[in-house]
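The following exercises concern a single protein chain. Work through each task before reading its solution.

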Amino acid sequence: MPDAMPDAMRDDIVQSYYRVRQALGLLGLGLPVILILVGLMTRGAVEPSLSDYYHTVQRDIFVGTLTAISLFLLAYPGHKRREGEWLSDDLLTSAAGLAGLGVAFFPNENPAGQGVLASPAQVFFGHHAAA
């Protein structure tokens, strides 16, 4: 049987894991706050939904943060499925990661009706179904 991992190394890995999870939480909590604050500073208005920030100067913040969260969720295995549970963390986080990418890369319909980058089918299946 191979040697067990030293306690110091295990502690470092666990600490790193928790820091990554904390960063993910901060991204999720900070995204709406940052979008609203930047929207107020640049346009003096708050959009009706977070998805509407895609059509503003905050697009890069919206898409970049959602992409980072989504990629983390896709890579995150979560806890092992326990007896009696029919959904695993891995399945749920993978579904959430794919949905996040759908919201990030398929814009909703533009409230101003200008410069729509996706067809109605792409908006429905890519954005609304994912949201």
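A salt bridge is a side-chain nitrogen of Lys or Arg within 4 Å of a carboxyl oxygen of Asp or Glu. The structure used here is a predicted model, and every value below is computed from it.

**Exercise 1. Salt bridges**

Task: Determine how many salt bridges a search of the whole structure finds, and describe the one formed by Arg10.

Solution.
Step 1. The search of the whole structure yields two salt bridges.
Step 2. Arg10 pairs with Asp7, and the N to O distance between their side chains is 3.0 Å. This value satisfies the criterion because the cut-off is 4 Å.
Step 3. Both residues lie in helix α1, three residues apart, so about one helical turn separates them.
Step 4. Asp7 has a relative accessible area of 55% and is exposed, because exposed means over 50%. Arg10, at 37%, is partly exposed.

**Exercise 2. A second pair**

Task: Identify the residue with which Arg43 forms a salt bridge, and decide whether that partner is buried or exposed.

Solution.
Step 1. The partner of Arg43 is Glu47, and their closest N and O atoms are 2.0 Å apart.
Step 2. The relative accessible area of Glu47 is 14%. Glu47 is therefore buried, since buried means under 20%.
Step 3. Arg43, with a relative accessible area of 48%, is partly exposed.

**Exercise 3. A nonpolar patch**

Task: State which residues make the nonpolar surface patch of about 400 Å², and place Leu40 in the chain.

Solution.
Step 1. The patch is made by Val33, Ile36, Leu37, Leu40 and Val46.
Step 2. Leu40 belongs to helix α1, which spans residues 7–42.
Step 3. Leu40 has a relative accessible area of 42% and is thus partly exposed. This agrees with its place in the patch, because patch residues have over 30% relative accessible area.

**Exercise 4. Helices and their packing**

Task: Give the pattern of the protein chain along the sequence, and describe how α2 packs with α1 and with α3.

Solution.
Step 1. The protein chain contains four helices and zero strands, and its pattern is α-α-α-α.
Step 2. Two packed helices are described by the angle between their axes and the distance between the axes.
Step 3. For α1 and helix α2 (residues 59–75), the angle is about 155 degrees and the axes are 10 Å apart. The pair is therefore roughly antiparallel, as angles over 145 degrees count as such. The crossing of α1 and α2 is left-handed.
Step 4. For α2 and helix α3 (residues 89–105), the angle is about 160 degrees and the axes are 7 Å apart. Hence α2 is roughly antiparallel to α3. The crossing of α2 and α3 is left-handed.

**Exercise 5. Burial**

Task: Find what share of the residues of the protein chain counts as buried, and examine Thr67 as a single case.

Solution.
Step 1. The protein chain has 131 residues, of which 30% count as buried.
Step 2. Thr67 is located in helix α2. Its relative accessible area is 16%, so Thr67 is buried.
Step 3. Thr67 and Gly102 are 35 residues apart along the chain, and their C-alpha atoms are separated by 9.5 Å.

Notes. Residues numbered from 1 in each chain as written. Predicted model: local features only at pLDDT ≥ 70, side-chain atom pairs only at ≥ 80, totals over all residues. Heavy atoms only, no water. Patch = residues over 30% accessible without salt bridge, like charges linked within 9 Å, V, L, I, M, F, W, Y side chains within 5 Å. Areas by Shrake-Rupley, 256 points an atom, 1.4 Å probe, with all protein chains shown as cover. Helix = DSSP H or I, 4+ residues; strand = E, 2+ residues; numbered from the N terminus. Buried < 20%, exposed > 50% of the residue type's maximum accessible area, 1.4 Å probe, protein only. Axes fitted to C-alpha atoms, helices over the stretch in contact; angles between N-to-C directions. Parallel < 35°, antiparallel > 145°, perpendicular 65-115°, else oblique. Left-handed = near helix turned anticlockwise from the far one by under 90°.
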